[in-house]
Amino acid sequence: MVARRPTLLLTMGDPAGIGPEILARTLAHAALRREARLVAVGDPEVLERAARLAKVNLRFRTTAPEAFETGAAEGPGVTLLASTHDSWGSFEPGVPSAASGRAAARAIEIAAGLALKRRAAAIVTAPISKKALQAAGYPFPGHTEFLGALAGAPETRMLFAGGRHRIL
């Protein structure tokens, strides 16, 4: 019997920052895709642009989070759950803003919601701008507290783990 690969939801991070490029480079690694089903969560235009900038060949299959939730999002290419449909022109590279904070937060909200419904084994978050998150009206100092609030957790802790296994 072949073990089923876990589904990981990977959020785009702040679209004005390095997050989308990190996500594109991560999604391009075949070794990672063999280990888990990688599903991107973010703005389609932002992630397509990030893939071009990173010079990686990715083919996204954009779908609504609702379709993924019902299991109707299967198919070829990297599944991309559209969290926003902002145009790239809404964000100035390197400049955190309320707009980039809202876009990053929306991807996190979608990923967390799907994980809490057990549609994924885990979420992986790309870097966000705490300044942009707060400018968008989110009172959290970072991912940990934001995810804790979305999960209804009374307390949160951050954990870093590493090992000797290297797949990149």
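These legends walk you through four close-up views of a predicted model.

**View 1. Five strands line up in an open sheet.** Reading across the sheet, the strand order is 3-4-2-1-5, and the pairing is parallel. Strand 3 (60–63) and strand 5 sit at the edges, each pairing on one side only. From one strand to the next, the twist averages 30°. As a reminder, strands of a sheet pair through backbone hydrogen bonds, either parallel or antiparallel.

**View 2. Strand 2 (37–42) is covered on both faces.** Let's start with one side, where Arg 37, Val 39 and Val 41 are buried; on the other side, Leu 38, Ala 40 and Gly 42 are buried too. In a regular strand the side chains alternate between the two faces of the sheet. Because six of the six residues of strand 2 are buried, this strand is largely enclosed by the rest of the structure.

**View 3. Bridges link strand 2 to strand 1 and strand 4.** Five bridges join strand 1 and strand 2 in the parallel sense, and here Leu 8 has Leu 38 as its bridge partner in strand 2. Strand 2 also pairs in the parallel sense with strand 4, over three bridges; look for Gly 42 and its partner Ala 82 in strand 4. Helix 3 (residues 44–53) lies across strands 2, 3 and 4, running at about 170° to strand 3.

**View 4. Helix 7 (residues 143–151) packs through its buried residues.** Which residues of helix 7 are buried? They are His 143, Thr 144, Phe 146 and Gly 148. These pack against helix 5 (98–116), strand 5 (122–125) and helix 6 (130–135). Just after helix 7, you can find Gly 152 with a positive phi of about 75°.

How values were computed: Residues numbered from 1 in each chain as written. Predicted model: local features only at pLDDT ≥ 70, side-chain atom pairs only at ≥ 80, totals over all residues. Heavy atoms only, no water. Buried < 20%, exposed > 50% of the residue type's maximum accessible area, 1.4 Å probe, protein only. Helix = DSSP H or I, 4+ residues; strand = E, 2+ residues; numbered from the N terminus. Contact = heavy atoms within 4.5 Å. Pairing = 2+ DSSP bridges. Axes fitted to C-alpha atoms, helices over the stretch in contact; angles between N-to-C directions.
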